[in-house]
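Visitor: Could we go through this model together? Please show it to me first.

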Amino acid sequence: MMELTGLTRRFDGVPAVSDVTLTVRDDEYLTLLGPSGAGKSTLLRLIAGLERPDSGSIRLNGEDITHRPTHTRGLGFVQQSYALFPHISVFDNVAFGLRNRLVDPVTDETGVKRRVDAMLELVGLSDLGQRMPGQLSGGQKQRVSLARTLVTEPKICLLDEPLGALDANLRERMTVELRRIREALGVTFMHVTGNEAEALAMGDRMIVLDRGRAVMIDAPDTVYARPATVAVAKFLNAYNVLDGKAEIGGFRHGDVLLPLPEGAARAAHYAVRYDLASIEPAGGAPAPGRAAMPAAFIAREFLGSRVVYFLHRPDGGVFEVERHLSRSDPVDHPKDAALTVTWAVDDVLAFDASGRLIETRRLKGAA
Amino acid sequence: MHHLKVTRGALAVYTALFILFLYGPFVVMGILSFQKGPEGGPQFPILEWSTFWYSHIFGFAPPSRIAPLPIGQALTRSLTLAFATMVVSTILGTLTAQAFRTKFRGSGVVFYLVVLGMMVPGVLLGLGMALVADQLGVARNWWSTAFVLHVVYTFPFAFLVMLAIFNRFDQSVEEAAWALGVPPGRTFRKVTFPMIFPGVLSAMLFAFTLSYDEFPRTLFTGGPNVTMPLAIYGTFAVEIHPNLFAFGVLTTLFSFALLTVYGVLMGASVRRARLRAQGVQEDIA
C-alpha cells in the first residue's frame with residue numbers, strides 16, 4: 001500500500017502537481033487520466049524518485065520513501081519511450097535489474113535464467129531472447145520494457161503512457177495483455193494515460209488529474225456516469241457541456257430556457273451525455289420529463305457499431321448525439337436541417353459555478 | 001542547365017586544388033625520401049632511387065658524415081606523453097561533460113574556463129608555465145610541466161566532443177536502470193559508458209594526435225629531454241637531409257595505422273547501432 005500526502009511539485013513557481021493525496025491499494029489496477037500538461041508524468045516521476053517534491057510525503061507500506069534515491073525504492077517504472085538498453089540482447093535487458101541491482105542481486109546465473117525465461121514466456125517473447133532491441137517491433141519493445149521491470153518484482157509498477165507510441169490496433173490488444181499480466185502477478189499497476197477510453201477500460205479505479213490536482217478518484221463507471229467536476233466531464237469526451245445560469249423556471253443557456261432537475265438551482269454548467277440525447281423533428285413540444293433545444297444538422301460520422309450526429313446549437317457551439325446501431329438505424333438529414341434535440345431531465349448533470357457536480361434528487365437515489 | 005555546368009566545373013577545380021594542397025606535400029616528401037644517399041639532398045631531380053635514408057634512420061646505413069636522426073628516445077617520449085595525455089584528458093573530459101548534463105550554478109563560467117585551455121596561444125601558455133615552474137623551483141620535464149600543459153590543451157577538445165555526445169544521449173535509459181534498482185555508478189559503467197563509447201574513442205583520438213605533435217607548449221616546458229617534434233625541429237637548424245622525409249613517411253604511415261584502428265572500432269560500433277535502429281513497427285505476434 002502506498003500513501004501520497006499533499007504531494008506538490010513546482011517548476012519555476014508553476015505547480016505541475018499540487019497537493020495530491022491518495023492511497024494506492026495492493027493488487028489493483030489504477031489508471032491516471034488527464035489532459036496533456038495536467039501533471040500526470042510529473043506525479044509518476046515524483047513517486048519513482050526521478051523528481052523531488054517541494055512538499056508532501058510518499059509512504060510505501062508505512063515507510064517514508066519521500067527522499068530516497070530511485071534505486072532503493074523498489075518500484076518499477078515503465079517509460080513511454082521503452083528506454084531499452086540498446087547495446088545488449090533482449091535476454092540481458094530483462095536480466096539487467098536482477099544481476100545489477102543494489103539490493104538483493106541474483107548472482108546465480110541459473111536463477112537469473114529461470115526467472116528471465118519465465119517472464120519472457122509470460123509476455124510472449126520466449127523466442128526473441130537473443131535479439132537486439134533494434135530488431136524488435138514497437139509492441140515487442142513494449143513487452144520487453146514491461147518484462148524487464150516486472151522480473152524485479154516491484155512493489156508497485158508505474159507505467160507512463162505505455163501504449164502511447166503504439167498504433168490503435170496494437171493498443172487494443174496490449175490493453176488486454178496488460179490486464180492479464182497484472183492479474184497473473186498480482187502486482188499493483190499505476191498506469192498514466194491521456195486516453196479516456198483506455199483509462200475507463202483498464203482501471204479498477206481511476207484518478208483524474210486536472211492542472212496538477214487530483215479532481216476525482218473513483219471507479220471508472222462512476223467517473224463516467226457522474227463526473228465530479230465539469231472539467232472531468234469535458235475531458236471524458238462524452239458530454240455536451242452547456243454554459244449558462246440557473247433562473248427561476250430553468251437553466252438559461254443563450255436564448256433557450258432548459259428545465260433543470262430538482263435541487264440544481266445553483267447550476268452554472270449543464271451537461272448531457274452524447275448517448276442519452278436524441279434527435280426529433282423540429283417544432284413538437286417535448287414529452288413530459290424531457291428537455292428540448294432547437295439545433296441545426298451538420299454531419300454524421302459512422303463509427304462501426306455507432307453513429308455520432310453533429311448539430312449546431314443556437315449559440316453556435318456543437319451538440320453531439322450518439323446512437324448505437326443495435327438500437328436504431330442511422331438517420332440522414334439534409335445539411336442545416338432544423339431539428340430538435342431532446343433528453344430526459346433526469347439524465348442531466350448540473351455543475352455549480354466552481355465546477356463541482358451538484359447532487360440532484362436522481363443522483364442521490366442512484367448512489 | 002548552363003549554370004549547373006559552371007558550378008560543377010568550379011567545384012571540380014576547387015576539389016582538385018584541395019586534394020593537391022592536402023596530399024601534395026606528402027607526395028613530394030614521399031618521392032624525395034627515396035633519394036640517393038648519402039650524396040643526394042632534399043631537392044629534385046632524384047639522382048637515383050634508393051632506400052638508403054630508410055636504413056639510415058634505423059642505423060643500418062654505412063657510417064657517413066650525416067648524423068643519424070636523434071629520434072629513438074624522443075619518439076618513445078612523445079608516444080608515452082601522448083598516451084598519458086590521451087588517458088587523462090579523455091577521463092577528465094568525459095567526467096566534466098557528465099557534470100555539465102545538469103545545469104549547476106556557475107556552469108557558464110566553468111565552461112569558458114575549461115575551453116580557455118585551447119584558446120590561449122600555446123607560446124604564451126608555455127612561457128608562462130616555464131616562469132611559474134622556475135619561480136616555484138620545479139624542474140621542467142616532458143613528463144611533468146609539459147604533461148600538465150598537454151592535458152590543459154587537449155582536455156577541452158575531449159570535453160567538447162563528449163559534450164556533443166551527451167547532448168544526444170537519451171537520459172531515460174539511465175532512469176530505467178535506476179528504477180530497476182541499479183545504483184548510479186554501476187548504471188554509468190554498464191549502460192551509459194557502452195552507449196557513449198564511440199564518442200570516447202573520438203575524444204581519445206583528438207587528445208592523442210594533438211599531444212603527439214604539440215610544439216609551442218613543449219618547447220618551453222619540456223626541459224632537457226626533447227619530444228619528437230622538438231627533435232625534428234632541432235635537426236632543421238643544421239642541414240636538412242632526406243632522412244627527415246623518410247621519417248615523415250614512416251610517421252604518416254603510423255598515423256594511418258592509428259586511424260585504421262579507430263575506423264575499425266568505430267565501424268563495429270556503428271554496425272551495432274544500425275542493428276538497433278532497424279526496429280520496424282509490425283504486428284505483435
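Guide: In this predicted model, 36 residues of chain A are in contact with 26 residues of chain B; a contact means that C-beta atoms, placed from the backbone, lie within 7 Å. Residues are numbered from 1 along each chain as its sequence is written, while chains are lettered from A and ligands numbered from 1 in the order in which they are written. Local features need pLDDT of at least 70 and side-chain atom pairs count only at pLDDT 80 or more, whereas totals for chains, interfaces and linings use all residues.

Visitor: Which elements give two or more residues to the side of chain A that touches chain B?

Guide: They are β6 (76-78), α2 (90-100), α4 (138-150) and α5 (168-185) of chain A. The largest share, six residues, comes from α4(A). Helices (H or I, at least four residues) and strands (E, at least two) are DSSP runs, numbered from the N terminus.

Visitor: How do the residues on that side of chain A divide?

Guide: There are 14 nonpolar, 17 polar and five charged residues. Ala, Val, Leu, Ile, Met, Phe, Trp, Tyr, Cys and Pro count as nonpolar, Asp, Glu, Lys and Arg as charged, and the others, Gly among them, as polar.

Visitor: Back to α2(A): at what angle does it pack with α3(A)?

Guide: α2(A) and α3 (residues 109-122) of chain A pack at about 125°, with axes 10 Å apart. Axes are lines fitted to C-alpha atoms, for helices over the stretch in contact, and angles run from 0 to 180 degrees between N-to-C directions. The two helices are therefore oblique to each other; angles under 35 degrees count as roughly parallel, over 145 as roughly antiparallel, 65 to 115 as roughly perpendicular and the rest as oblique.

Visitor: Which residues meet there?

Guide: A:Phe91, A:Val94, A:Ala95, A:Leu98 and A:Arg99 in α2(A) meet A:Val112, A:Arg115, A:Val116, A:Met119 and A:Leu120 in α3(A). This contact divides into eight nonpolar, no polar and two charged residues.

Visitor: Now the sheet. What is the strand order?

Guide: The order in this open, antiparallel sheet of five strands is β16-β20-β17-β18-β19 (chain A). Strands pair if DSSP finds at least two bridges between them. β16 (277-281) and β19 (318-324) of chain A stand at the edges with a single partner strand each, so one side of each lacks a neighbour in the sheet.

Visitor: How many bridges join β18(A) to β19(A)?

Guide: Seven bridges join them, and A:Arg306 stands opposite A:His324 in β19(A).

Technical notes: Contact = placed C-beta atoms within 7 Å.
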